Amino acid sequence: MPTVSGPDGADPGLAAAGQARIGWAERTMPVLGLIRESFAASRPLDGLAVAACLHVTAETAVLVNVLRAGGARVHLAASNPLSTQDVAAALASWPGVTVSARSGAARETYYRHIHQALDSAPALVFDDGGDLVNTLHEERPELLAGVAGGVESTTTGVARLRRMAAAGTLAFPVVAANGAATRRMLDNRYGTGQSALDGILRATNTLLAGKTVVVAGYGPAGTGIAERARGFGAQVVVTETDPVRALDAVMAGFRVLPMAGAAPLGEVFITATGSRDVITPVHLEVMRDGAILANAGHFDVEIDVRGLEKLAVTVNPQIRPSADEYVLADGRRLILLAEGRVVNLVAGEGHPAAVMDVSFTVGALSAVRLTSARPPLPPGVHEVPAETDAQAAGLMLACMGTRIDELTPGQQEYLDSWRYGS
Ligand code: NAI
C-alpha cells in the first residue's frame, strides 16, 4: 500500500531520528510487544480504518504499530501541537499509516489535521481530550453511522463525553480507557508524578529540596506530583475543592490550604485539576518574586495566562527553553513554563514509555472489545472491565518477572460464599 502523508506532514528528513526514538520506546514497552504478536496472529482489526487524535510521540507510534499488526489502517492527527515529536516523520513513512501533525501547529491547522484523519471514514476512533469525537459529531455527522466505537484516553476527554452522553448526543460507544484502574495508577499517578517534575526541572533546573511546592488538585495526577515533590525534599501544599480528596491529602501528611492562602507561600505551583482559572490574577498578585508556574492538567486553562499577561509590564520570552518571565509593576518576576500547557509534554518527554505500555494495552484491548462485542455495545461511555485491567496488569507483572499468588479453590469458594460467618 502506498504511503500517504497528510498535506501538512512532517519533514521526511527527521524520519531516521524518529525511528530511533520509536525503537528505544519499543524496548521498554514489552506488554504491547506481546499484544502486537497476538494481533499479528489473529488480525482482530482487519481492514478497519482507525482515526486517532493522540500525542504524536514514540510511545503512540508503538501503539500505531500494534493496530497496524491487527490489520487496521491508521490515520493519526496530533492531540497537542506542542507535543509532536520527530516520530511523525517516521510514522508517515510506514505503510498503512497517514500522519497529519506538525509541531507548533496553530489552532486552524490543528483542526484541519483532525478533519484529515476523519476523511478516512473511520470505524474506530482513538481520542485524547475529546476534540476528534467532538468534531466528528459537530462537523462530520455523515460519518457517525460508520463508527463502531471509540477509545478516550484522558480524564478531561471522558468528562466531555459524559456530558455528551447525558445530553443524548453521543452517537456510538466509547470506552473510557482513562478510568481503568491500571491506567489511573500508572499513568495519571506515577507517570504524571514523575514526568511533570521532570518537565519543570528541565525547564528551570531548580532545586526542589526545601522549596514550597503548591499542587492544585489531589486526584491521581495531583497525588503523584505531590508524592514525588515530597520525595525531592519539597514542602508540599495541596489545594482542593473536594472535601474527601482534601481530607485524603491531610491524612497523607500534606498541608492543605485554599489557593488564596497558598499563593503567597509557594515557590513552585503545579496545577492538575482539569478545571479552569485555578490560578488567577488574585493569586498572581500576592506571589513571591521568582515563583514558577506550571500546569499538568490537560488544557491550558488552569493558569489564567491572559490575566498574567495583563498584569505584566514586561514579558521576557524564553529566558530558558519553555520558560517565559513575566515582570510585574513592582518588579516581581513570575516564571511561566510551557505557556501554561501540559508541562510534562512540552518541557519534557511526557510519560516514560513503560507507563504508556499498560495504558495503550488497555486501549488496544478495548478496540477489540468494541469491534467484537455481540451484541454491540450501545452508545454511551463504557468503563474498562475488571478483566481487562487484570489482563494488562498480569502481563506487565509477567514482563517484570514478578510472580504473585493464585487463589486456591478453597479460598475462592470462601470468598464467593455468603455462608461463612464468625
Ligand atoms: P481528577 O478529576 O480525578 O482530579 C482532579 C482533582 O482536582 C479533583 O480532586 C478535583 O476536586 C480537584 N479540583 C477541581 N477544581 C479545583 C480547583 N479549582 N482547585 C483545586 N482543586 C480542584 O483528575 P486527574 O486524573 O487527577 O487528572 C487531573 C488533570 O490532569 C486532568 O486534566 C487530566 O486530563 C490531566 N492529566 C494529565 C496528564 C499529563 O500527562 N499531564 C496525565 C493524566 C491526567
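**Two domains and a ligand site**

In this predicted model, 12 residues of domain 1 are in contact with 13 residues of domain 2. The domain assignment splits the protein chain into domain 1, made of two stretches (12-183 + 351-400), and domain 2, which runs over 190-346. Taken over C-alpha atoms, the centres of domain 1 and domain 2 sit 29 Å apart.

Put together, domain 1 and domain 2 bury about 1000 Å² between them, and 67% of that area falls on carbon and sulfur atoms. Looking at residue classes, the side of domain 1 that touches domain 2 is made up of three nonpolar, seven polar and two charged residues. As for specific pairings, zero salt bridges turn up between domain 1 and domain 2, but three residue pairs are in polar contact across the interface, with both partners at pLDDT 80 or more.

Now for the ligand. There are 27 residues around the ligand, and Thr154, Asn188, Glu240, Arg245 and Asn344 come nearest. Asn344 also shows up in the list of polar approaches: an N or O atom of its side chain is 2.8 Å from an oxygen atom of the ligand. Two threonines do something similar. In threonine 156, a side-chain N or O atom lies 3.0 Å from a ligand oxygen atom, while for threonine 155 the distance from a polar side-chain atom to an oxygen atom of the ligand is 3.2 Å. Overall, the ligand has 860 Å² of accessible area on its own, and the protein covers 86% of it.

Technical notes:
Residues are numbered from 1 along each chain as its sequence is written. This is a predicted model: local features need pLDDT of at least 70, side-chain atom pairs count only at pLDDT 80 or more; totals for chains, interfaces and linings use all residues. Side-chain values use heavy atoms; hydrogens and water are left out. Domain bounds come from an automatic or database domain assignment. Contact means heavy atoms within 4.5 Å. Buried area is the accessible area (1.4 Å probe) that two parts lose on being put together, summed over both. A salt bridge is a side-chain nitrogen of Lys or Arg within 4 Å of a carboxyl oxygen of Asp or Glu. A polar contact is a pair of N or O atoms within 3.5 Å; within protein, one must be able to donate a hydrogen and the other to accept it, and residues adjacent in sequence count only if both atoms are side-chain atoms. Ala, Val, Leu, Ile, Met, Phe, Trp, Tyr, Cys and Pro count as nonpolar, Asp, Glu, Lys and Arg as charged, and the others, Gly among them, as polar. A residue is near a molecule or strand if one of its heavy atoms lies within 4 Å of it. Accessible areas come from the Shrake-Rupley method with a 1.4 Å probe; for residues, only the protein chains shown count as cover.
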